[in-house]
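Got your viewer open? Let's take a walk through this one, selection by selection.

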Amino acid sequence: MIIAVANSKGGVGKSTLAVHLAAWLDKQGHRVTLADCDTQQSSSQWIREAAPQVKALCLRDPDDIINELPMLAQETDYVVADGPGSLAETSRALLLVADSAVVPCKASMLEIRALDAATKVLRQAQKIRSGMPKAKIVLSMVGKNYRLTQDMREAAALLKLPITPTFMTLRQIYADAPGQAAVVWNMGSRAREAAVEVDTLFRELVPEAVRRPAKPAAQRRQPVA
Ligand SMILES: Nc1ncnc2c1ncn2[C@@H]1O[C@H](COP(=O)(O)OP(=O)(O)O)[C@@H](O)[C@H]1O
Ligand SMILES: [Mg+2]
């Protein structure tokens, strides 16, 4: 199973999501590879420190992606590919071999409008491959009191991209995680809400991967201050 994290815009939360997803799949007991397809190579460095059991490698050349990703997918249960910002040929290669795609997108009407261009390569792949890879939007860096508005829903529906019910909220802890060589569920009580959030999100995104039950609701809730 190859899951591509793709949005040709930079700074939308791809690497943050990809590293957490790869480490989460590992925590569920699967064999996981993180393929870092970005020039910055930040996610492969981060995962090597945060979850060394996850196999990490850098793949940028489109031919290498097409030839090697399917082989890697046979060796491990999941390949999570962290997509590049602007390398269209690399994205195209990735989306030609991916089984599913996750599209992080900042929660604003402007960003959703930009998604049409930012997912052009995704739609090309879906057209050629009869709807594959199946894709979902994950809203990222969402403000605390944000509510998904009807116009955002309609804009996403026009692109035929469903939005997951759980978002990644804007939290300092996500920005701190790479510097601490960690994923949020290993960062103590300050990160508890983020840990619950990503766990809930990944259960929605990859339900077939779930092997460990979620923590009971009582343990998941933050005490009221
Ligand atoms: N939910 C979030 N809350 C706060 N900061 C975030 C969040 N997600 C990502 N960031 C920060 O935003 C920046 C861009 O995120 P990154 O995952 O590198 O995006 P991309 O891979 O799409 O370029 C990084 O500094 C990252 O630490
Ligand atoms: Mg990145």
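The tour starts at the ligand and then moves on to the salt bridges.

Before you click: this is a predicted model, in which local features need pLDDT of at least 70 and side-chain atom pairs count only at pLDDT 80 or more, while totals for chains, interfaces and linings use all residues. Residues are numbered from 1 along each chain as its sequence is written, chains are lettered from A and ligands numbered from 1 in the order in which they are written, and side-chain values use heavy atoms, with hydrogens and water left out.

**Stop 1: ligand 1.** Select ligand 1 and the residues near it (a heavy atom within 4 Å). You should get 13 residues, with Gly11, Lys14, Ser15, Thr16 and Thr169 coming nearest. Colour them by class and you'll find five nonpolar, six polar and two charged residues; here Ala, Val, Leu, Ile, Met, Phe, Trp, Tyr, Cys and Pro count as nonpolar, Asp, Glu, Lys and Arg as charged, and the others, Gly among them, as polar.

Now zoom in on the backbone. A backbone N or O atom of Gly11 sits 2.7 Å from an oxygen atom of ligand 1, and one of Val12 is 3.1 Å from a ligand oxygen. Over at Arg171, a polar backbone atom lies 3.0 Å from a nitrogen atom of the ligand. On its own, ligand 1 exposes 550 Å², and the protein buries 75% of that (Shrake-Rupley areas, 1.4 Å probe).

Switch to cartoon view. Two elements, α1 (14–27) and α8 (172–176), give two or more residues to the shell, and α1 provides the largest share, three residues. Helices here are DSSP runs of H or I with at least four residues, strands are E runs of at least two.

**Stop 2: Arg171 again.** Show its side chain with Glu193 and Glu197: the three are linked in a network of salt bridges (a Lys or Arg side-chain nitrogen within 4 Å of an Asp or Glu carboxyl oxygen). The Glu197 to Arg171 bridge has its closest N and O atoms 2.9 Å apart. Glu197 lies in α9 (192–205) and Arg171 in the loop between β7 (168–169) and α8, so the bridge ties together parts 26 residues apart in sequence.

**Stop 3: Asp176 and Arg190.** Where does this pair sit along the chain? Their side chains meet in a salt bridge at 3.3 Å, N to O. Asp176 is in helix α8 and Arg190 in the loop between α8 and α9, 14 residues apart.

Note on methods: A polar contact is a pair of N or O atoms within 3.5 Å; within protein, one must be able to donate a hydrogen and the other to accept it, and residues adjacent in sequence count only if both atoms are side-chain atoms.
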